[in-house]
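Work through the exercises below with the sequence and the 3D structure open. Try each task before reading its solution.

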Amino acid sequence: MSHQVPEDGTLLPLMEEFYTIQGEGFHTGKAAYFIRLGGCDVGCHWCDVKESWDATLHPLTTADQIIENAKKYPAKTVVITGGEPLIYNLDYLTKGLHEAGIQTFIETSGAYPLSGEWDWICLSPKKFKAPRKDVLEAAGELKVIVFNKSDFEWAEEHSKLVNSNCKLYLQPEWSKYSEMTPLIIDHVKDNPKWNISLQTHKYLNIP
Ligand SMILES: C[S@@+](CC[C@H](N)C(=O)[O-])C[C@H]1O[C@@H](n2cnc3c(N)ncnc32)[C@H](O)[C@@H]1O
Ligand SMILES: Nc1nc2[nH]cc(C(=O)O)c2c(=O)[nH]1
Ligand code: SF4
Ligand SMILES: [Mg+2]
């Protein structure tokens, strides 16, 4: 049923890798090499990469190979995403990327223990599987997806759990964009500690 993924992080289920522009959050607009690892059990019903959930569909790939691939691109930044990348031990991969002079950014729900050496942590917590304290405290950015009105109160509660320097973002759930975006705009105007984040890559038609 499942891959035997070694706990030392030397082999990881790789769904896809692509060189693109970070579309969301604090680093929006910056070129980066995306590494998407398979496997997630958080179960967001609106997830835009459900194909990532079953780790066994994605080939086990050596972290060394992933690092070699990342080195080929001009931007010395990778974004490790998924699936839920923190299911895996990311110490070996991120150490190797750092040794190659590459900055390491992660997109995570925070539902698994923090591993890896990070230059930036984007935490997007979910109602379906609570974020852990270690990730809440280490996050550089809190990015809450707004699917309905109740998510504003939930976002406010989570803003109290992150460190005081953490950047705060509200991002409309893609299928609810036209309903939620006007509410996000009002919320940000009334509560300027928040910023709006849009999935700009979807408008640009890039990966
Ligand atoms: C696909 S997730 C993978 C990383 C990790 N599992 C997580 O959820 O943070 C990457 C980012 O896309 C966001 N996202 C996923 N589906 C979305 C949707 N339908 N609308 C807006 N954002 C979405 C997630 O909240 C997360 O910030
Ligand atoms: N361009 C682009 N930016 C992104 N930022 C976070 C993404 C993700 O799926 O984790 C993503 C993605 O899939 N594409
Ligand atoms: S945690 Fe991330 S990958 Fe997993 S279902 Fe939610 S949005 Fe999708
Ligand atoms: Mg995406």
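Three exercises follow, each with a worked solution. The model is predicted: local features need pLDDT of at least 70 and side-chain atom pairs count only at pLDDT 80 or more, while totals for chains, interfaces and linings use all residues. Residues are numbered from 1 along each chain as its sequence is written, and chains are lettered from A and ligands numbered from 1 in the order in which they are written.

**Exercise 1. Describe the chain as a whole.**

Step 1. Count the elements: the chain has 6 helices and 9 strands. Helices (H or I, at least four residues) and strands (E, at least two) are DSSP runs, numbered from the N terminus.

Step 2. Check the overall dimensions. For 207 residues, a compact globule would have a radius of gyration near 17 Å, and the chain agrees, with 17 Å. This radius is taken over C-alpha atoms, and the globule rule is 2.2 Å times the number of residues to the power 0.38. The C-alpha trace spans about 45 × 35 × 35 Å along its principal axes.

Step 3. Look at burial: 42% of the 207 residues count as buried. A residue is buried if 20 or more other C-beta atoms, placed from the backbone, lie within 10 Å of its own, exposed if 12 or fewer, and partly exposed in between.

**Exercise 2. Find which face of helix 5 is buried.**

Step 1. Locate the helix: helix 5 covers residues 177–190.

Step 2. List its buried residues, which are Met180, Ile184 and His187. Seen down the axis of helix 5, these fall within an arc of 65°, so they line one face. The arc is that of the directions from the helix axis to the C-beta atoms.

Step 3. Recall the general rule: an α-helix has 3.6 residues a turn, so residues three or four places apart point the same way.

Step 4. Turn to the face away from the buried side, which carries the exposed residues Ser178, Pro182, Asp186 and Lys189.

Step 5. Identify the cover over the buried residues of helix 5; it includes strand 7 (141–146), helix 4 (150–159), strand 8 (167–172) and strand 9 (194–196).

**Exercise 3. Is glycine 39 buried or exposed, and which residues is it in contact with?**

Step 1. Place glycine 39 in the loop between strand 2 (31–37) and strand 3 (60–62).

Step 2. Count its surroundings: glycine 39 has 23 other C-beta atoms within 10 Å, so it is buried.

Step 3. Leave aside its neighbours within four places in sequence; glycine 39 is then in contact (C-beta atoms, placed from the backbone, within 7 Å) with Pro13, Ala55, Gly82, Gly83, Glu84 and Ile87.

Key:
Expected span 1.5 Å × (residues − 1). Contact = placed C-beta atoms within 7 Å.
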